[in-house]
Amino acid sequence: MPRMLPRGLSSVMLLGCASAALVPAPSSRALLNPAWSALRPRGAKMSAAVQLEDIKAAPPPALTPFSLAEAVSIQGFPELPWRYALRNLVTDETFLEQGWARRPFKLKQEWEFAVNAYTMGDVERDVSMLPAQFVAHGMQWGNGIYNKPMDAGFSFEDVSRTMSGATVVMLNAGFIVPSLAKVSLATLEATRLPIWLNVYLTRPGLASSTQLHTDKQDVLVVQTTGRKRWRVYAPPEPAEAAELDPFARGKGTDQMDASKLKLLVDTVMAPGQVLYIPAAFPHETDTVGETVSEKESSVHLTIGIDTHLWGLSWAQARATALQRAGLPASLSDGASVNCLPLDRWSSLHSPLPVGFAAARYLSPLCHGDGGLSAARAEKALCAAISDELARRMAEAEPTRWGSAAAVLDAVPVSDVTKRMLEHHRAVLAQQTRMYLRAAHSAPRSSRDRAAAQAALFEDMDELDLSMSQLDAWGRGAEASQTPTAVAASPVGNSPAPAAKSGGFGAAAAPTRKAKGGKKKSKAR
């Protein structure tokens with residue numbers, strides 16, 4: 001068995017295939033899937049119809065006194081446009097109501113500041129900063145596709161040679177490369193949610209740069225150089241493969257059939273363009289076709305918004321509440337939650353309204369008589385989340401519960417909500433420290449690089465610890481436990497994926513556990 005990835009967020013990268021003629025890409029058809037329409041709080045009104053694709057988030061290219069002041073102060077990577085655009089996107093009412101966790105779409109507006117924001121020249125400069133296990137490419141093994149890391153002591157020339165037959169991914173690059181750490185930090189500050197950033201490198205002419213698969217993250221794909229074609233599909237019914245993780249389909253030996261799925265988006269990404277893909281929506285990519293440039297390698301940033309990975313979902317809150325009540329996380333008949341119809345499954349497997357998504361639940365406070373405070377807002381948010389969790393649990397299993405009131409009587413929903421908010425803050429605090437350090441302390445020597453990598457692995461273990469402590473609390477343990485002492489609990493008795501995920505869409509089957517290895521599978 002070849003050495004596989006222990007950690008990271010990587011796409012399912014195929015070995016290069018011979019170029020194949022593609023039908024002309026139709027216009028973007030990112031249609032709303034009714035199964036993903038349960039995120040909006042009950043009773044909230046839809047705003048006037050505005051196309052998601054028409055959202056204008058990027059700042060104007062004209063210089064302002066503030067942008068000039070920042071340029072003089074930083075003399076480096078321009079952070080301000082990223083913060084401006086990301087904040088505007090996630091706080092746009094249309095995005096909140098129609099896009100977030102519901103529907104894939106591509107913005108019509110190009111983010112000019114993203115053009116050439118990260119190039120192959122930057123890769124040549126930075127790739128040696130990453131440990132070998134964080135730089136990987138796809139390979140065939142048996143009946144599956146897995147990510148294979150580079151050998152120790154690899155060089156940019158090794159990366160370039162590997163790109164002749166496969167996509168190469170720089171995993172966890174946002175925690176290491178200063179300019180990418182600034183993009184990650186800007187996204188975290190805009191969303192107030194956990195963030196993970198990878199860089200994908202693909203030569204022109206690959207008929208499959210990633211195979212059809214699903215991921216655990218909601219992602220923003222930002223094309224910086226070259227072009228790449230993306231096809232995004234509506235999620236299949238989880239019950240069609242209930243033994244598999246709907247967030248990790250198409251990985252390892254599992255193969256998805258595009259002919260059985262509804263195509264939502266078929267588009268070629270050019271530099272400066274942005275594509276949003278919710279978690280669990282199948283997608284595949286290539287770099288061939290008449291509309292794809294044959295001159296320049298494709299480089300894109302995949303910015304993962306990690307609510308599901310870190311348990312910030314209704315499904316995790318439900319599982320934790322049931323465990324605290326001494327009940328199994330499975331359905332009442334012992335079946336996996338994957339046996340639920342897609343609409344009920346997706347209602348549970350949507351992100352909790354934390355971070356920027358809490359705004360819609362807190363908006364009534366902004367129309368009151370004043371006296372706003374963080375404590376008052378948290379109390380109101382806890383109450384809203386508790387009621388909403390009880391409602392979703394009752395709707396997912398009406399025979400079991402009958403009503404939301406019955407859920408509230410049977411399980412400690414309020415206690416769980418408070419604990420989830422604490423967990424959210426802990427993960428954010430740890431990631432903020434990681435990105436700040438990476439953004440402002442680039443290693444200048446091999447010794448500095450080794451020290452930075454060691455510190456990163458320790459930080460990743462701290463992140464793992466936050467999740468393990470939440471799992472332990474769900475089972476009744478009040479004291480902190482080390483990550484190795486606690487096995488991660490299942491969310492709704494979800495079965496394990498066909499193969500361990502190396503993260504962000506890659507399947508991995510490591511022969512040994514690397515330091516800092518994530519205990520939970522990652523997708524995308």
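Me: How do you know that the length of helix α14 (residues 446–474) fits its number of residues?
Reply: Set the expected span against the model. A helix should span 1.5 Å times one less than its number of residues, so the 29 residues of α14 should cover 42 Å, and its end C-alpha atoms are 43 Å apart, which agrees. Helices here are DSSP runs (H or I, at least four residues), numbered from the N terminus. Right after α14 comes Gly476, with a positive phi near 105°.

Me: Before we go on, what sort of model is this?
Reply: A predicted one: local features need pLDDT of at least 70, side-chain atom pairs count only at pLDDT 80 or more, and totals for chains, interfaces and linings use all residues. Residues are numbered from 1 along each chain as its sequence is written, and side-chain values use heavy atoms, with hydrogens and water left out.

Me: Why is Cys382 called buried or exposed?
Reply: Buried means under 20% relative accessible area, exposed over 50%, and partly exposed in between (1.4 Å probe, protein chains only). Cys382 has 8%, so it's buried. Cys339, at 41%, falls in the partly exposed range.

Me: And how many disulfides are there?
Reply: The rule asks for a pair of cysteine sulfur atoms within 2.5 Å, and by that rule the count is zero.

Me: What makes a set of residues a nonpolar core?
Reply: They have to be buried Ala, Val, Leu, Ile, Met, Phe, Trp, Tyr or Cys, joined through side-chain atoms within 4.5 Å. The largest such core here has 104 residues, and Trp82, Trp111, Val199 and Leu201 have the most contacts inside it. Its largest share, 10 residues, comes from helix α13 (residues 413–440). At least three residues come from each of domain 1 (77–305) and domain 2 (314–475), with bounds from an automatic or database domain assignment.

Me: Which residues does Val199 touch?
Reply: Contact means heavy atoms within 4.5 Å. Leaving aside neighbours within four places in sequence, Val199 has contacts that include Tyr118, Met170, Leu180 and His300.

Me: Why is the Arg249 and Asp254 pair called a salt bridge?
Reply: The test is a side-chain nitrogen of Lys or Arg within 4 Å of a carboxyl oxygen of Asp or Glu. Their closest N and O atoms are 2.6 Å apart, so the pair passes. Arg249 is buried at 12%, and Asp254 is buried at 11%. The structure holds 20 salt bridges.

Me: What makes Arg318 and Glu397 a pair that ties parts together?
Reply: Arg318 forms a salt bridge with Glu397, their closest N and O atoms being 3.2 Å apart. Arg318 sits in helix α7 (residues 314–324) and Glu397 in the loop between α10 (374–396) and α11 (398–401), so the bridge joins parts 79 residues apart in sequence. Arg318 counts as buried at 2%, and Glu397 does at 6%. Glu397 also bridges to Arg400, at 3.1 Å between the closest N and O atoms; Arg400, at 23%, is partly exposed.

Me: How do you know whether His349 is buried or exposed?
Reply: Its relative accessibility is 5%, so His349 counts as buried. His349 lies in the loop between α8 (342–348) and α9 (359–362). His349 and Leu312 are 37 residues apart in sequence and 9.6 Å apart in space, C-alpha to C-alpha.

Notes. Helices (H or I, at least four residues) and strands (E, at least two) are DSSP runs, numbered from the N terminus.
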